[in-house]
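Please open the model in your viewer and keep the selection panel at hand. The tour begins with one element and then widens to the chain around it.

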Amino acid sequence: MLGSILAAVGDFTAPKVDYHAVAPELVLAAGICVVLLVDLFVPEHRRWITGTLAGFFMLGSVLPIVTLAVTGSDVRDALGDGRYMVDNFSLILKALFLLAGYVVVLLSTNELEEGGYYQGEYYVLLLSSVLGMVMLASSRDLVSIFVALEFLSIPAYMMAAWRKRDRKSNEAGVKYYLLGVFASAVLLYGMSLLYGLAGSTKLTEIGKVITLTGDKVGVQVVAVAFVLIGFAFKISAVPFHTWAPDTYEGAPTPVTAFLSVASKAAGFVGIIALVYLTFPAASDVYRPFLWVLAALTMTFGNLVALKQKNMVRLLAYSSISQGGFILMPLAMAGTGDAAGPALRAVVTYVIIYAATNLGAFAVILAVSRKTRSGEISSFGGLFSYAPGLATMMTIFLASLAGIPPLGGWYAKFGAFRAVVDAGGGWGYSIAVIAAINAVIATAYYIMVMREMWMKPVPDGDVTPIKVKAPVMAALAITGICTVLFGVLPGLVSKVGNLSDLAGAFGR
Amino acid sequence: MHDVLQNQQWLLSLGVFLPLAGVLVMLFIPKSDESTVKGVAILTAAATLLVGIYTMTQFDYGKAGSLQFFTTNNWITPIKATYTIGLDGISLPLYVLSMIITLLVMIYSWDHVPSPGNPKAFFILMLVLQTGMAGTFVAQDLILFFVFFEVVLLPMYFMIGVWGGENRQYASLKFFLYTMFGSALMLVSFIALFVVTRSHAADPEAANFSFKWFLENGADVSKNTAIWIFAGMFIGFAVKVPMFPFHTWLPDAHTQAPTQGSVILAAILLKLGTYGFVRIAIPFLPQAATKWAPVIGILAVIGIIYGALGCLAQTDMKRLIAFSSVAHMGFVMLGIATLTPLGINAALFGMVAHGLITGMLFFIAGSVKERYHTLEIKRLSGLLQQVPKLGWILGMCAMASLGLPGLAGFWGEFPAILSSWNPLHGEGLPYGGLSLSLFRWLTVIAALGTVLAAGYLLWLYQRTAFGNPTAEFAGLGADGDHGHDAHGHDAHGADAHGDDAHGEGGHELLHDVNKFEWIAWTPLLIAIVVFGVLPQLMFKLFDPGVVELVKVFGGK
């Protein structure tokens with residue numbers, strides 16, 4: 001309707017929208033409106049409805065993803081100009097974002113209800129942020145990437161500061177906001193250079209220009225570097241990670257889980273799109289850049305994690321270092337015939353990491369309800385009074401450490417495989433660095449396990465922990481995924497089998 | 001290359017995963033119902049062993065060199081990893097040994113659950129360990145092997161760390177980090193091997209992670225690359241064996257582990273490393289194996305001497321046994337390093353024999369600790385007077401361990417030394433031979449090691465078993481107090497940590513070997529004698545597979 005009005009105004013021709021392809025986004029947008037409205041009309045003690053609704057819409061928008069996956073062609077051009085693509089790659093990641101969002105809703109329910117926080121607003125922001133991620137997964141254009149990125153970030157800034165009267169939470173929000181905006185500015189500057197060089201905002205068009213030849217090589221290099229730095233902030237790669245530990249520690253635990261998983265994954269989606277579509281001919285620039293970034297990120301994250309006393313900070317540094325592992329295959333994406341394995345490795349890693357990390361946060365949430373503390377020592381003796389939670393946490397930590405037969409091993413395996421596939425000095429050297437880091441990482445995961453299994457209970461309080469139903473559900477989902485992905489990695493690598501993605505990107 | 005027999009394809013999977021079914025059942029039994037928990041666990045282990053025995057009866061001994069009960073299925077298609085399992089004469093003894101040991105350890109645990117109790121978790125961990133161990137011995141796919149190889153890691157970590165001695169946390173962490181370091185490099189080298197063989201292959205699409213592929217294509221890898229890939233595997237397996245200088249986790253882990261953990265560690269887990277050399281590193285990369293063999297040989301002999309000297313310096317019985325493991329595994333590795341059929345046969349025999357004997361020694365150490373609350377050699381004396389049966393069993397195992405002919409230990413040690421006199425050498429070998437003079441020196445030094453072994457074991461026996469009991473334990477002998485056997489150990493078992501506090505508690509009369517110990521030990525003791533007298537039983541099984549394996553080196 002809007003299109004016809006606009007068309008009548010000038011020479012604007014309405015794009016032919018493939019509504020099936022954008023159905024997940026539409027459902028989410030509807031969800032945002034509904035939750036906002038419901039929040040206005042339900043009494044305070046019934047505000048939990050907003051959470052239920054938010055979860056419902058998250059799952060609801062998975063439905064069209066399923067129908068899109070099973071029907072029709074592999075690649076859908078939602079707007080008809082190749083700037084908003086719905087292919088297997090984007091469908092998988094959209095599903096991941098939505099399910100991760102759902103788990104975050106499950107984790108948030110009790111926390112928000114009991115804390116007396118603004119439930120309706122919170123879920124609206126959460127839905128908005130997830131919508132931004134879902135859009136990012138399909139964006140193949142600088143403008144839509146930037147809009148999606150802001151759309152997912154701005155609500156997250158507010159959510160980080162959600163515990164309004166807690167100074168740490170405020171600090172978390174402000175730090176995240178300031179550095180996030182700074183990153184956006186850097187990114188935007190890089191994007192403007194790209195646009196200046198190519199005269200187009202479409203990623204594939206720009207990719208034809210960024211060849212590191214001609215008389216504008218310097219500008220091209222600067223543009224690539226700026227864009228990558230912008231995203232490096234988002235994925236908290238060292239040395240652009242400084243916001244992450246403080247933000248993770250200060251933000252409410254469910255928000256931390258959300259940031260460390262979904263928001264990070266979104267950053268990687270952005271980098272993937274750019275590396276594969278815009279910089280395919282610039283691997284001489286991004287390879288050393290991402291190589292150094294990956295090596296620094298995994299090493300530094302690990303070394304600092306070793307010294308942490310606070311559980312959430314530990315996971316913050318651990319997730320920084322995991323980010324290095326995810327970056328590693330991307331660095332080698334343009335080398336040899338590693339493009340396919342690298343992409344598969346990144347997507348698989350992100351999925352498995354999401355399940356595992358969300359699970360770990362779910363346990364922290366459940367335990368800290370009793371202990372009222374985030375210190376690692378507060379996990380002392382957990383196995384003696386909450387064997388179930390301790391076992392779950394052990395599974396998640398072992399998965400993060402990459403110990404078979406839990407999901408994490410396959411994620412790490414894929415990453416190793418991709419860089420070894422790429423081969424050469426770059427590939428083998430980072431593989432060895434990563435292998436050493438994998439061992440360092442186990443040291444601090446083991447440290448937590450030791451606390452849970454072998455140390456005495458710090459305050460002697462061994463009343464069992466009652467896990468609330470939503471958190472239990474979150475634990476079940478993430479736990480099953482973590483084990484299943486490890487035993488039958490075929491499941492996740494089948495959805496990560498993106499051999500047709502190159503074709504979709506090539507448009 | 002290998003023949004395969006695709007009979008009864010379900011059999012090995014059943015044997016490997018049956019323990020996990022038991023774990024599932026156990027999850028639903030309340031923790032407080034301890035005897036049901038133990039009962040279900042032991043029944044599961046017994047059923048698993050029955051499957052193992054059935055496997056032995058169905059095994060075609062005429063074709064011990066081929067993989068039997070072979071099955072292959074898709075597993076992780078995108079990375080070309082398959083679920084391929086099979087069993088040949090090399091794997092069979094180890095596969096069944098792992099089942100026997102697990103069952104015996106569990107029976108022993110019936111009234112010996114170490115402090116802090118919680119038999120449910122303890123037995124579950126042992127069953128998980130069993131799956132990992134059995135799976136490693138039947139895996140015929142590198143990725144599958146890796147996964148099973150790693151499955152044992154966490155259960156053993158918790159076993160040492162939760163149920164271990166005073167210094168358990170340090171010991172368990174050290175065990176874990178060493179092993180993890182090895183396996184990370186091992187994984188990288190596995191992947192590298194895959195990528196490199198694929199790039200050499202006529203049909204890259206056919207590349208996969210099955211052992212068969214590497215056996216057929218590994219030899220095409222250029223020598224320099226192969227040496228590096230071998231290095232990664234070497235570290236992974238050498239940590240597990242453990243070989244000098246990667247052995248330092250072992251004395252700590254063994255000393256701190258509960259008896260059950262020590263037994264499993266000694267009897268099976270260490271073998272995963274040597275098995276990896278025999279099954280993977282050497283046959284896949286023969287060109288690198290001939291280059292690495294001297295290094296392995298030298299480190300093995302250093303291990304023999306170092307382990308023996310370490311033993312002589314120990315004041316703790318359990319730590320002494322742990323160091324003797326380093327020495328014994330040195331003999332095994334020396335046999336492997338010769339790359340001859342004799343040497344590898346000896347190594348395989350040594351693996352089983354060491355499993356039986358050192359497993360037994362750790363059992364005995366556990367029982368001594370339970371009775372005397374100490375393993376300090378100078379406080380122990382006169383075992384033969386106070387607990388004569390235990391003393392005699394210790395004597396027999398010490399003799400077996402030092403390689404007395406007629407007991408199993410001899411057939412691991414003596415042929416290994418013999419084989420190193422004549423390692424793979426000669427003209428026109430496809431991958432070159434080994435230096436005769438180097439290995440002959442190694443023979444001489446290794447032979448010295450056996451003398452030292454006799455020294456430290458006899459000395460141990462003399463100090464602990466002979467003589468009169470020390471003053472603090474005098475008058476507590478088992479004589480005339482047999483009614484005491486069946487009860488009263490729970491109190492002891494729960495006290496593994498508090499030696500000093502129980503100085504006075506030790507005034508109870510000492511009991512000799514009780515019925516659970518007899519049930520758990522008799523099979524091992526019989527096996528030590530039987531394989532000592534009739535080594536052919538096992539050599540016959542190993543030999544066809546070994547001959548097949550070393551064919552690639554062209555030696556005799």
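Select residues 341-372 of chain B, which form helix α14; helices here are DSSP runs of H or I with at least four residues, strands are runs of E with at least two, and both are numbered from the N terminus. Because a helix is expected to span 1.5 Å times one less than its number of residues, the 32 residues of α14 in chain B should cover 46 Å, and the 45 Å between its end C-alpha atoms agrees with this. Colour α14(B) by burial next: 30 of its 32 residues are buried, meaning under 20% relative accessible area with a 1.4 Å probe and protein chains only, whereas exposed is over 50% and partly exposed lies in between. Then step to B:His373, just after α14(B), where phi is positive at about 60°.

This is a predicted model, in which local features need pLDDT of at least 70 and side-chain atom pairs count only at 80 or more, while totals for chains, interfaces and linings use all residues. Residues are numbered from 1 along each chain as written, chains are lettered from A and ligands numbered from 1 in written order, and side-chain values use heavy atoms, without hydrogens and water.

Now select the whole of chain B, which holds 21 helices and two strands. Its C-alpha atoms fill a box of roughly 75 × 55 × 40 Å along the principal axes, and 66% of its 556 residues count as buried. Finally, show contacts (heavy atoms within 4.5 Å): among those in chain B between residues at least 6 apart in sequence, 80% join residues at least 24 apart.
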